[in-house]
Amino acid sequence: MRKPERPMEDKIKAIEARIHAFAIQTREHLEEFRLQFISKKGELTSLFDELKVASAEQKKLLGKALNDLKKLSEEKFKTGQDQLESAAVGQSFEGDLTLPPIPNKIGSQHPLSLTRYRIIEIFERLGFNVEDGPEIEDDWHNFTALNFPENHPAREMQDTFFVEKNPDVLLRTHTSNVQIRLMKNRKPPFRAIMPGRVYRNEAISARAHCFFHQVEGLYVDTNVGFADLKQALYHFAKEMFGKETKIRLRPSFFPFTEPSAEIDISCLICHGKGCNVCKYSGWVEIAGSGMVHPNVLRNCGIDPDVYTGFAFGMGIERITMLRYSINDLRLFSENDIRFLKQFKAVM
Ligand code: PHE
């Protein structure tokens, strides 16, 4: 007697055998497997289609076998996929596993910060503490209280950016506004430095920018004299630039100091012989200074017959350029990592 025809059952068995035999070793194999057995156009889908038209008895019989087959193919696909993925992860560990890892780059402090910290450190040892104030300031604290008469040409020296006109609100042109706030709000004696950002309406070049940083200093007490100013700045110059550094004071003008002087240091590059950094003079300017003008003390409610004081102000950019031999001020604000990573704390 002929064996009854059982085409569906045979097909299921045959496919099952092929699934077992299929070796998934590459991504291409995996894709081939998917197309043959899993995708909508694969062999299993067509068997399910066949089952739809089979008799109820056959459905019962073969439905389970077909579902088992489907499960088998999906499991095999998943296992193959997992194995290929973990092999790919393993690949990145190939090579010498004893080599140190590539370190994370942690960056470095900005050269202007390094210089600011150093300036603060030097003056802190002389008993100066650090004061802070607003960058957006009114006209009175930035100009009028500092003895700049309204419409006086001295205001031209420090053209600024106005936030508001009448009443005038502006970006401070120097940190002297902090001196005014300190003298108005507290009783002398004061010995403080004021680091901070300042703004001026200037064309940007290698030597000037529309914003830069300053440290100003103020010492008010009974019997503060010009010799104290000179000694404090001489000490600063030697600490900052080295023991051999000399200083020179040149008469100058500021509305808020009288007498006033620019402070120069002997050129660090040529030691006084003459080079293009000092423009062949042997000296480089680092700060403005002077004895606080009696009008300024009076404007802040301090009696100039009892108290005297000295003040000075220097650009942090300028000191940093001298310290590290940097020839372009724009480098400080361009955020070029190749420039910034060269600076390490030299405390
Ligand atoms: N405020 C002056 C400036 O920015 C610097 C200065 C401060 C000069 C204190 C003398 C005394 O130019």
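## A ligand pocket and two separated domains

The centres of domain 1 and domain 2, taken over C-alpha atoms, are 81 Å apart. Domain 1 covers residues 8-92 and domain 2 covers residues 111-340. Keep in mind as you browse that this is a predicted model. The ligand sits in the largest pocket, and 14 residues surround the ligand. Here is a tour of the ligand site, followed by some backbone details that you may like to check in the viewer.

**Where the ligand sits**

- The largest pocket is the one that holds the ligand.
- Three elements each give two or more residues to the shell around the ligand: β6 (211-221), β9 (283-292) and β10 (308-315).
- Of the elements in the shell, β10 gives the most, with three residues.
- By residue class, the shell around the ligand has eight polar residues, four nonpolar ones and two charged ones.

**Closest residues and polar contacts**

- The residues that come nearest to the ligand are His174, Ser176, Arg200, Gln214 and Glu216.
- In the side chain of Glu216, an N or O atom lies 2.8 Å from a nitrogen atom of the ligand.
- For His174, the distance between a side-chain N or O atom and a nitrogen atom of the ligand is 3.0 Å.
- Ser176 places a polar side-chain atom 3.2 Å from a nitrogen atom of the ligand.
- The protein buries 93% of the 330 Å² that the ligand exposes when taken alone.

**Cis peptide bonds**

- Going from Asn166 to Pro167, the peptide bond is cis, and its omega is near 0 degrees.
- Pro167 belongs to the loop that runs between β3 (162-164) and β4 (169-171).
- A cis peptide bond also links Pro188 to Pro189, with omega near 5 degrees.
- Pro189 is found in the loop between α7 (176-185) and β5 (190-199).

**Positive phi outside glycine**

- Asn166 is not a glycine, yet its phi is positive, at about 55 degrees.
- The loop between β3 and β4 contains Asn166, and the peptide bond from Asn166 to Pro167 is the cis one with omega near 0 degrees.
- Asn147 is another residue other than glycine with a positive phi, here near 70 degrees.
- Look for Asn147 in the loop between α6 (139-142) and β3.

Definitions and conventions. Residues are numbered from 1 along each chain as its sequence is written. This is a predicted model: local features need pLDDT of at least 70, side-chain atom pairs count only at pLDDT 80 or more; totals for chains, interfaces and linings use all residues. Side-chain values use heavy atoms; hydrogens and water are left out. A residue is near a molecule or strand if one of its heavy atoms lies within 4 Å of it. A polar contact is a pair of N or O atoms within 3.5 Å; within protein, one must be able to donate a hydrogen and the other to accept it, and residues adjacent in sequence count only if both atoms are side-chain atoms. Accessible areas come from the Shrake-Rupley method with a 1.4 Å probe; for residues, only the protein chains shown count as cover. On a 1 Å grid over the protein atoms alone, a cavity is a set of points where a 1.4 Å probe fits but cannot get out, and a pocket is an open set with protein on both sides within 12 Å along at least five of seven lines; lining residues have an atom within 4 Å of a point. A molecule sits in a cavity or pocket if more than half of its atoms lie within 2 Å of its grid points. Helices (H or I, at least four residues) and strands (E, at least two) are DSSP runs, numbered from the N terminus. Ala, Val, Leu, Ile, Met, Phe, Trp, Tyr, Cys and Pro count as nonpolar, Asp, Glu, Lys and Arg as charged, and the others, Gly among them, as polar. Domain bounds come from an automatic or database domain assignment.
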